[in-house]
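This report examines a protein model together with its ligand. The reader is invited to keep the sequence and the structure in view throughout.

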Amino acid sequence: MASVPTQIALLTRAPGGADSTCDPDLPTAPWQFDAVPGQPLPAPTYGAGASRQDPVPADAPVQQQIPAQYRLLPADELDRRIRTARQTLGSRVTILGHAYQRDEIVQYADFVGDSFQLAQQSQQHPEAEFVVFCGVHFMAETADLLTTDDQPVILPNLAAGCSMADMADIDAVQACWEQLEAVYGTEPDADGRVPVIPVTYMNSAANLKGFCGEHGGIVCTSSNAREVLEWAFERGQRVLFFPDQHLGRNTAKAMGVDVADMPLWDPRKPRGGNSEESLRDARVVLWRGWCSVHQRFTVDQIAQARAKNPDVRVIVHPECPMEVVDAADEAGSTRYIQLAIDAAQPGEAFAVGTEINMVRRLADTRPDLTIECLDPVVCPCSTMYRIHPAYLAWVLESLVEGRVVNQVSVDPVVAGHARTAVERMLAVGA
Ligand code: SF4
């Protein structure tokens with residue numbers, strides 16, 4: 001099957017085909033959104049795709065336009081140069097690729113996985129002089145926390161952020177924390193449990209991981225959210241979960257927490273838009289954040305998949321809304337979905353509710369199965385999508401020339417606290 005970018009190019013060229021994608025501008029080259037030397041700095045943007053409607057923080061990184069020679073290179077020449085640079089660097093570089101990354105990038109990765117697996121990988125390669133992280137900004141920050149001080153972590157396109165991660169920032173979380181303390185106080189109960197434990201999803205900035213480390217909290221991924229919430233409930237009366245409301249709600253609900261005891265915290269409203277009473281009764285306070293890719297999946301799409309094939313197995317990611325998770329046959333992390341497909345019997349049919357690059361790759365690896373994306377509209381993670389082979393060629397050839405470009409590094413004080421929260425998670429496991 002053709003890669004997602006190739007399919008998007010074909011769809012958007014066909015009459016009326018643009019309606020089959022979430023944005024007719026998806027074939028636009030990512031450098032069209034970058035800063036051009038000598039011209040006013042453009043406002044940060046997520047580029048074309050699923051996140052187009054999400055507001056971008058004013059301080060989000062902007063990528064400087066890469067040299068013209070890279071922008072103009074045809075795909076086969078980029079491929080040749082990436083392979084040559086990769087071979088020259090040998091074991092000096094480790095390339096990590098996220099499962100949602102486009103095929104044109106994933107083919108060069110030494111390791112492909114979800115954010116938890118890649119965090120583990122970044123820790124397990126002290127022999128590499130450089131780590132090139134083909135994911136998004138928060139993942140590169142996490143890798144920087146876990147690699148040694150002299151291992152630069154490189155994000156090929158600095159504008160590859162995450163719209164969900166950007167929905168919670170340190171100032172808004174600090175303000176929330178102060179308001180919660182005003183309601184709950186700070187004293188532990190008779191069992192020694194503190195009033196509230198902060199839990200941040202891996203998809204968050206390093207300073208939010210640092211906030212959790214500093215306040216007795218922890219990080220989770222979609223693979224270990226349940227184990228992490230169990231850890232938190234042993235130590236706290238309730239949890240403040242950010243930035244993804246859906247992962248928090250779906251996980252806590254599966255553990256038996258009543259949805260009525262999970263108020264939503266809207267950072268733009270006093271007390272998050274909640275009464276003191278509802279906050280006092282809360283077991284989990286959910287931040288009002290979401291993934292623009294997983295929020296697209298609907299109950300109606302599940303009904304349509306079942307109408308097409310009553311035997312279809314519907315698996316969705318827990319970043320999908322609760323109604324979608326409830327209507328699906330199964331819900332699980334990127335790794336869960338991968339393992340379910342690996343273990344499937346020939347002839348089985350799947351409708352999968354997660355990012356399209358991953359779904360297409362799963363379909364390619366198991367041609368004996370029928371695997372389709374629940375969403376009929378082709379819509380990749382637009383932030384991950386900004387890493388085009390031209391940027392990878394640029395960062396690798398720069399390394400060959402002895403220059404480190406696009407290094408992502410976390411402030412040492414923040415890093416110390418963030419590492420505490422990440423290491424608590426790694427101790428809990430997957
Ligand atoms: S798929 Fe969603 S949560 Fe994951 S990086 Fe993209 S925008 Fe962020």
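The following paragraphs treat the surroundings of the ligand, the annotated positions and three loop residues.

The model is predicted. In it, 14 residues surround the ligand, and the closest are Cys 162, Met 164, Cys 291, Val 293 and Cys 381. By character, the shell around the ligand comprises eight nonpolar residues, five polar residues and one charged residue.

An unreviewed UniProt entry lists several positions under "binding site", among them Ser 222, His 317, Pro 318 and Thr 334. His 317 is placed in the loop between strand E10 (313–316) and helix H13 (322–327). Pro 318 also has its place in the loop between E10 and H13.

Are these two residues, and Gly 90, buried or exposed? The table gives the neighbour counts.

| Residue | C-beta neighbours within 10 Å | Class |
|---|---|---|
| His 317 | 27 neighbours | buried |
| Pro 318 | 27 neighbours | buried |
| Gly 90 | 8 neighbours | exposed |

His 317 counts as buried because 27 C-beta atoms lie inside 10 Å, and the cut-off for burial is 20 or more. Leaving aside neighbours within four places in sequence, His 317 is in contact with Ser 222, His 294, Ser 333, Thr 334, Gly 353 and Thr 354. With residues up to four places away again not counted, Pro 318 touches residues including Ser 222, His 246, Leu 247 and Ser 333.

Gly 90 lies in the loop between helix H3 (75–89) and strand E1 (93–98). Gly 90 and Ala 128 are 38 residues apart in sequence, and their C-alpha atoms are 9.2 Å apart in space.

Key. Residues are numbered from 1 along each chain as its sequence is written. This is a predicted model: local features need pLDDT of at least 70, side-chain atom pairs count only at pLDDT 80 or more; totals for chains, interfaces and linings use all residues. A residue is near a molecule or strand if its C-beta atom, placed from the backbone, lies within 6 Å of it. Ala, Val, Leu, Ile, Met, Phe, Trp, Tyr, Cys and Pro count as nonpolar, Asp, Glu, Lys and Arg as charged, and the others, Gly among them, as polar. UniProt positions are given in the numbering used here, feature names are shortened, and annotations may be inferred rather than shown by experiment. Helices (H or I, at least four residues) and strands (E, at least two) are DSSP runs, numbered from the N terminus. A residue is buried if 20 or more other C-beta atoms lie within 10 Å of its own, exposed if 12 or fewer, and partly exposed in between; C-beta atoms are placed from the backbone. Two residues are in contact if their C-beta atoms, placed from the backbone, lie within 7 Å.
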